[in-house]
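Morning, everyone. I have one structure to go through today, and I will put it on the screen now.

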Amino acid sequence: MILDRVRMAFAPVAAKDVAPEAGVARIGREDLEGLDLVEGQTVSLYRNDRAEVVAKLPLKVHKKLPRRVLVLPEATMQTL
C-alpha cells in the first residue's frame with residue numbers, strides 16, 4: 001500500500017492483538033509522526049501495481065503496531 005503523496009510503502013497485514021476497525025486504517029504512532037500527519041487525517045491508500053484503485057480512510061493510532069504496518073478493515077483489503 002502507498003500512503004498519499006508521501007508514497008511510503010506499508011504492509012497491510014493482520015497484526016497480532018490489533019483488530020481491524022471498520023472505516024479506519026490503524027497505524028503506529030512513530031509512522032504517523034514520521035509522515036507529519038495527525039490522527040484522524042484521511043489518506044489515500046493504493047497498491048503500487050493497481051494505482052487506479054484507491055481507498056480513502058482516516059488514520060487511527062495503535063501503540064502496539066510495528067513500523068511500516070497498517071491494519072485495514074477487511075472490506076478495504078478486498079477492494080485493494
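Let me start with a single side chain: is Arg47 buried, exposed or partly exposed? Arg47 has a relative accessible area of 26%, so it is partly exposed, since buried would need under 20% and exposed over 50%. Please keep in mind throughout that this is a predicted model.

Staying with that residue, Arg47 sits in strand β5. Its side chain reaches the backbone oxygen of Leu80, at a distance of 3.2 Å. In sequence Arg47 and Leu80 are 33 residues apart, while their C-alpha atoms are 6.7 Å apart in space. Arg47 also forms a salt bridge with Asp49, where the closest N and O atoms are 2.7 Å apart. The partner, Asp49, is exposed, because its relative accessible area is 57% and the cut-off for exposed is over 50%.

Now the overall layout. The protein has two helices and seven strands. Going along the sequence, the pattern reads β-β-β-β-α-β-β-β-α. There are 80 residues, and 41% of them count as buried. The exposed surface of the protein comes to about 4,800 Å², with carbon and sulfur atoms supplying 49% of it. As for contacts, take those between residues at least 6 apart in sequence: 68% of them join residues at least 24 apart.

Next, the inside. As a general point, nonpolar side chains in soluble globular proteins tend to be buried together. Here, the largest nonpolar core holds 16 residues. Which of its members touch the most other members? Those are Ile27, Leu45, Leu59 and Leu72. Three elements give two or more residues to this core, namely β4 (25–27), β5 (42–47) and β6 (50–61). Of the elements, β6 gives the most, with four residues.

Back to charges. How many salt bridges does the structure hold? The count is five, and I have already shown you the one between Asp49 and Arg47.

Another pairs Lys60 with Glu21, and the closest N and O atoms there are 3.1 Å apart. This pair links distant parts of the chain: Lys60 is in strand β6, Glu21 is in the loop between β3 (11–12) and β4, and 39 residues separate them. Lys60 counts as partly exposed, at 30% relative accessibility. Glu21 is partly exposed as well, with a relative accessible area of 28%. These two residues also belong to a network of salt bridges that links Glu21, Arg26 and Lys60.

The last pair I want to show is Arg67 and Asp31, a salt bridge with its closest N and O atoms 2.8 Å apart. Why does this pair tie together parts that are 36 residues apart in sequence? Because Arg67 lies in the loop between β6 and β7 (69–71), whereas Asp31 lies in helix α1, residues 29–34. On accessibility, Arg67 is partly exposed, with a relative accessible area of 48%. Asp31 has a relative accessible area of 2%, so it is buried, the cut-off being under 20%.

To recap the charged pairs: Arg47 bridges to Asp49, Lys60 to Glu21, and Arg67 to Asp31. On the nonpolar side, the thing to look at is the core of 16 residues, to which β6 gives the most. That is what I had.

Key. Residues are numbered from 1 along each chain as its sequence is written. This is a predicted model: local features need pLDDT of at least 70, side-chain atom pairs count only at pLDDT 80 or more; totals for chains, interfaces and linings use all residues. Side-chain values use heavy atoms; hydrogens and water are left out. A nonpolar core is a set of buried Ala, Val, Leu, Ile, Met, Phe, Trp, Tyr and Cys residues joined through side-chain atoms within 4.5 Å. Buried means under 20% relative accessible area, exposed over 50%, partly exposed in between (1.4 Å probe, protein chains only). Contact means heavy atoms within 4.5 Å. Accessible areas come from the Shrake-Rupley method with a 1.4 Å probe; for residues, only the protein chains shown count as cover. A polar contact is a pair of N or O atoms within 3.5 Å; within protein, one must be able to donate a hydrogen and the other to accept it, and residues adjacent in sequence count only if both atoms are side-chain atoms. A salt bridge is a side-chain nitrogen of Lys or Arg within 4 Å of a carboxyl oxygen of Asp or Glu.
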